[in-house]
Amino acid sequence: MNKAAAGFMSVFLFLCSTLSVEIVQADESRDLTQSSGVHTGWIGMAAGGSHRLAIKQDGTLWAWGANHDGQLGLGNFSDPVTAPVQVSDLKDVVAIGAGNVNSYAILKDGSVWSWGDNTDGQVGDGSVTERQTGSGELTDNKNRNRPIQLSELKGIVSLTGDFAASYALQSDGSLWGWGFISVPYQTTPKKLTGWSELTGIATGYTGELIGVKRDGTVHIGRSRPVKVPGIDQVKSVATSPGAFYALREDGSVWAWGHNYWGEMGDGTTDSRTKPAPVPNMKDVVELQATQNGPVYLKKDGTVWTHGSGRGASLGNGSYEDALIPVQVKGLTHITHISASGVSGKVMALREDGTLWSWGDGYTGDGTQWWRTVPVQVKSDALEPSEDVDTIKVDLNGSAVRFDTFPVLNGNTAMVPMRRIFELLGADMEWDESTSTVMAVKGETMIRITIGSDSASIGDRQVPLDKPATLVDGLTLVPVRFIAETFGAEVVWDEVTHTIQITTIPVE
């Protein structure tokens, strides 16, 4: 799957047929011990200018946000929707995209569907919405509030759009467009001349197109794209207003163009006329962009941004501009990101199928409010509730799930007793008469009694920062004390609220 940013419009096509393989593998290896049972998680998403879309593991499509032009595909024109609602007309959805006020989907059978605003013919069904000159009032409403099949499109692998035009990338590298790509409007998909051998494109606020070819070169333009000199080995591209970004095969990101709010990420507001590396941004695996600046997914599963903070898209809890990359708060083990190039909407998919959303409104948490840090978008009622401050645990780089989330008792993190001993390879015995647990690993033996402010390591008595406690039938113990006593290293990551445990191999 090509993970190119599907444009300034951040209409990232999620190729479920490819990425689902990665997700299945992740699901098989991860630890599912949540007591709430199995839930239907997410596998893909697309952030639009006015709304958001997401695919569940069962192939159903869900939408939320503004719906004044039918962009949610629910069969009506309505007030905004604040939480995911199923788009019931479509099944077996494998790929999605979202323009400013438009939505796109590809089904398992390869069919392409489009809906939403049709003022400039950007739905692509041969019609166009008529509006009164001056007032803009509708005189002939051809906006589509249900998905319309575009039967002339075959072999499509990604979709993108700007305010008034839509684009579809074909598997052979050719590009199709419709909407405001010409005057009069092009109301049905048309193969565009001048573009070939493409693996990804981006467009957005200005309507400019940027594309990456199979040979790793970058081209900018509309009918007559021009090669960008000074950069090669590119695998994906993205754009903000007047600024362009390219992700190279080596994981570096190069940027050029306007730098009013820190879009270049170099600590200045000096614009660039030529591509240059974004300083200290390495190991990037996916690139997207909002109207405020780029969004990066790194190899370690963290998300980073820079640029304007006005759209709440930085995800770091601030509206202040960031002239250098800043880490999005609370996110780890992220596998995919999506951002809107005409708004500040951003979403991130975690390896366990949970979806996180932030930016300028309608995040999917049941409210219309802007969110400066990621919030959880639940796939169903069984999904455990989290926020960015929920404590997470990694063991040797892999996420660990418990029967209940870890809690902080003062400055001491407490985790379920039985699970942490199992993870660290310790044998455990429980003495109910004394409420004492004994755990043994190799030559090390720990005894902890519920409520006691000390524990024993062998014959030695040691104080505890916090005693073991009983919460909702589960015994919680201080994780740092347990892990370090059994020879592991423990590090606290404040940005992501993650306890990172690394076991030390026995020599």
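Reader: Where does Val183 lie in this predicted model?

Author: Happy to start there: Val183 lies in the loop that runs between β13 (175–179) and β14 (186–191).

Reader: Why is Val183 called exposed?

Author: A residue counts as exposed when its relative accessible area is over 50%. Val183 has 69%, so the label exposed applies.

Reader: And what makes the nonpolar surface patch?

Author: Phe180, Val183 and Tyr185 make it, and the patch covers about 310 Å². To belong to a patch, a residue needs over 30% relative accessible area; Val183, at 69%, therefore clears that cut-off.

Reader: Let's turn to the sheets. How do you know that β15 and β16 pair?

Author: Pairing requires at least two bridges between two strands. Four bridges join β15 to β16 (residues 209–213), so the two count as paired, and they run antiparallel. As one example of a residue match, Ile201 has Gly211 as its bridge partner in β16.

Reader: Which strands belong to this open sheet, and in what order?

Author: The order is β15-β16-β17-β18, with antiparallel pairing. At the edges are β15 (198–202) and β18 (226–227), each pairing on one side only.

Reader: What about the sheet with five strands?

Author: That open sheet is also described as antiparallel, in the order β35-β36-β37-β38-β39.

Reader: Why are β35 and β39 called edge strands?

Author: Because β35 (427–431) and β39 (460–463) each have a single partner strand, one side of each is left without a neighbour in the sheet. Neighbouring strands here are turned by 20° against each other on average, direction ignored.

Key:
Residues are numbered from 1 along each chain as its sequence is written. This is a predicted model: local features need pLDDT of at least 70, side-chain atom pairs count only at pLDDT 80 or more; totals for chains, interfaces and linings use all residues. Side-chain values use heavy atoms; hydrogens and water are left out. Patches are made of residues with over 30% relative accessible area and no salt bridge: like charges are joined within 9 Å, nonpolar side chains (Val, Leu, Ile, Met, Phe, Trp, Tyr) within 5 Å. Accessible areas come from the Shrake-Rupley method with a 1.4 Å probe; for residues, only the protein chains shown count as cover. A salt bridge is a side-chain nitrogen of Lys or Arg within 4 Å of a carboxyl oxygen of Asp or Glu. Buried means under 20% relative accessible area, exposed over 50%, partly exposed in between (1.4 Å probe, protein chains only). Axes are lines fitted to C-alpha atoms, for helices over the stretch in contact, and angles run from 0 to 180 degrees between N-to-C directions.
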